[in-house]
Amino acid sequence: MASTPSRRSTRLAAARPQSADQPSSGQTASPPPACSSAQATDARALPVATTWSPTAAAAARAVIVGADEAGALSVVDAGAPTSERFGVVLALGEGEAVVFQGIVDVCVLEGAASAYEHTVVPGDPWARMYSPAAYPLITLRAGSGGSGARRSTQPRAAPASDIEQLRSLWAAQHPAIDGARPAAAVVALRAVHCGLDDIGRVAAPFRNLFALRPLMERIGSYMPKQYKRRRRVLARIESAEKAIRLESGAESSTGREDVSMASDDDGNASDDDDDSGRAVVEYAQHEMALAHHIGLSGFNPVGHLTPDLQLLQTPADWGEVLDQASSAAVQLGSDFEPIPPVYVVAGGQGLGKSTFARLLVNRLIGRFGRAFYMETDLGQPELAPPGVLSLTMLDGPLLGPPFTHTGQTAPYHAVYMGVTTPKNDPDRYADAVQRLAAAYRDHAAAARMAHEDAPVVPLVVNTQGWLKGLGLDLHYSLCEAVRPTNYIQVYDPAAAAGGSAAVPDEYDAQSWAAGNQRAPFIDFGSIAGCDPQLSWISAMGYERAMQATTARQPPPPSTEQAEQPAGEAPSRKGPRMTAHDTRMLAMLSQLYAAGGRVEPQAWNACLWRVADMEWSMHVPLASRPPLVVPWADLVVWLGEEDVPPSQVLRALNGSLVGVIGVAAAPGTDAHVWTQTGVRGLFADSGGISDPAAVELSAPGARALLHSAVGEHQTAHAAGFPPAARPPQIVYGHPSASATTFLAHALVRSVDPARGHLHLLLPPLVTAPAAGPSAGHASSLEQALLCPLTRIVGIVKGPGTGA
């Protein structure tokens, strides 16, 4: 993204109080103990790969379902191609799990299953899970998401018809037998064709995100080329694959016998004594059998991890903090009102903050039914596009990486910054964070006023990884604004033990490794009334995840066979997503979104969500029908860019802009926008009025007002046609209180003859308006506006064109 001249904050330049040597009073959490790298990578009983195995009784553990043209479901033979399978129902025993790559819908018919710390139980709707390569693969396992996890008591909607059909088919195939041990979970998987797996059409580097690489290719890349028997082992794998393809649902023991006796090129069965080759062949057989019995279109079960794949291996201390969050009692204030929990997740870059925050949100939603998520990382946000600070209310889990749900939920409030770092304008960044924190507190206060027994809605704050100098000042300002009740700090024990430069300057590596470091990044004793509970969790970034994965690989060929120096670790690793890659994925996901089921939730007054999102990667953006908007109805904010008025149209044409609407959350003056208030911003058919442009802009912005020089003179000076009223041009930024960011849009073209802009908007913004439900406060009913009806302007500033 483009940058602007750096402006060091005058308000934040003063050094913030540094952390003390001892914790402030009331901090009961103990510091992280000294631990080795092996201890830090200890997984919470997560399997390396799929532990559900098709045996001789595989037909009794899985039912493959197909669908006819009318949508009726029926049981089909296991030999049916995966492209013709609607879904599969399988029984997971205690401790069994399925690791997969791809996209799939999941529901539970009996028992409970969990993924990403989210528990799915009977009665829940379909949960869509995204498990792409270059990200940790999802593990779907029997059982709940952790101890202390509780389900929301909100009433559920009637189950979908296909879920009922699947339940009936399973019951017909497996009638209850007295004395039989029931499965821990009966899980239904449904094939998904949403279009996101075709993202490689528009960005070639991401073509294999969801498609599992061919088995022969993966095995071949795993085995070193110097391995003497590599060619013969690959031939045995190919023989096993043919044997499994020929069978029609029977156990593949015959194929195993044939493969185990496969001979080399000289007719000798010398490979039988090769333990390394035998392990690789058994892995291949297991994965092919999984694909045969439970494989679906777009759903690829992974039998064992090869070095090109990752698996989420969460440290044990993550589970302890998550269990505490899902079971700890809610504190009461001096007025005996519940205090909503506020969790701040802090740490350096690449340590797993975002992953932990995602798991924490899923746990909190499972307990409270909903949760707020505040994103303060401009570079790699979770729910909003890059360059945006947002506060979003969620009532459903996050079951995939950020680009799979970017822009699918309308933010409760968002501030458009247009850059990926706050260093150029730290004051505006700090003001935006304070506005988001105030919006969260105001929502809680309004809910208590409207309902005496209003539910508690917790807040999770994901922070940026810049924690030195000015970055530490901004982090202190954030904690002042949100006042956390729980402060979770991510540290890297391996780096600390070795005195690596990755350890922040505020820490002494040796004292940390000895368990003597007791201070967080900042001293909370200097923030009046803020005394959070401190927790430390070990890092789980890309390198640590790969170490945990590599430690569980099949035994590699011997040193002599592989001709690999002793003690040298394998260098092959899965593809790593850089910050640029994640930003690119987020933008492509939002721009190519094609629609879905839009669900407006009146109880939140601004929660618009797109369920079952679809993408059209095969349709070029230039050929899509745009939204035609008269530019007189828009305020054009240019930020810090010094664009002459006569060049505004050229600057907008073909550019990426931020769409700004009036805020649905009450402002700092408790002002709530209504339909009448929004209409009052427009001067009848003349577009946005001059006073409205000033009201919607931040203090200090310079507006090119029509009344200053006359509309016709302004239009002529700006290069607009005489018949077209020019837009309100403002050199500055939108008001963080009166406006909110809605989404990014692409200015496909400009029509100067009619005075129109042609915008390509995501489906969430163009969702049809729906009437609010009865039984809510009138102010909330009036604030329930469709995002499209709230649009008042666009921002063309730094970062929007990158």
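Q: What makes strands E4 and E8 a pair in this predicted model?
A: Two strands pair if DSSP finds at least two bridges between them. E4 (residues 97-111) and E8 (residues 138-142) have 4 bridges, in the antiparallel sense. Therefore they count as a pair. One of the bridges sets Ala97 against Arg141.

Q: Which other strands pair with E4, and how do you know?
A: The bridges tell. E10 (residues 299-301) is joined to E4 over 3 bridges, E7 (residues 127-131) over 5, and E9 (residues 185-191) over 7. Each of these pairings is antiparallel. Partners include Gly102 with Phe299 in E10, Val104 with Met129 in E7, and Glu110 with Val186 in E9.

Q: Why is E4 called mostly covered?
A: Buried means under 20% relative accessible area. In E4, 13 of its 15 residues are buried.

Q: How do you know that the span of helix H8 agrees with its number of residues?
A: H8 has 16 residues, 353-368, and at 1.5 Å a residue they should span 22 Å. The end C-alpha atoms are 22 Å apart, so the two values agree. Gly369 follows H8, with a positive phi near 90°.

Q: How covered is H8, and what does it give to the largest nonpolar core?
A: Of its 16 residues, 15 are buried. H8 gives the most to this core, with 8 residues. The core has 58 residues; Val187, Leu189, Phe356 and Leu360 touch the most other members.

Q: What does Phe356 touch?
A: Leaving out residues up to four places away in sequence, Phe356 touches Trp318, Val321, Leu322, Val345, Ile488 and Ile537.

Definitions and conventions. Residues are numbered from 1 along each chain as its sequence is written. This is a predicted model: local features need pLDDT of at least 70, side-chain atom pairs count only at pLDDT 80 or more; totals for chains, interfaces and linings use all residues. Side-chain values use heavy atoms; hydrogens and water are left out. Helices (H or I, at least four residues) and strands (E, at least two) are DSSP runs, numbered from the N terminus. The expected span of a helix is 1.5 Å times one less than its number of residues. Buried means under 20% relative accessible area, exposed over 50%, partly exposed in between (1.4 Å probe, protein chains only). A nonpolar core is a set of buried Ala, Val, Leu, Ile, Met, Phe, Trp, Tyr and Cys residues joined through side-chain atoms within 4.5 Å. Contact means heavy atoms within 4.5 Å.
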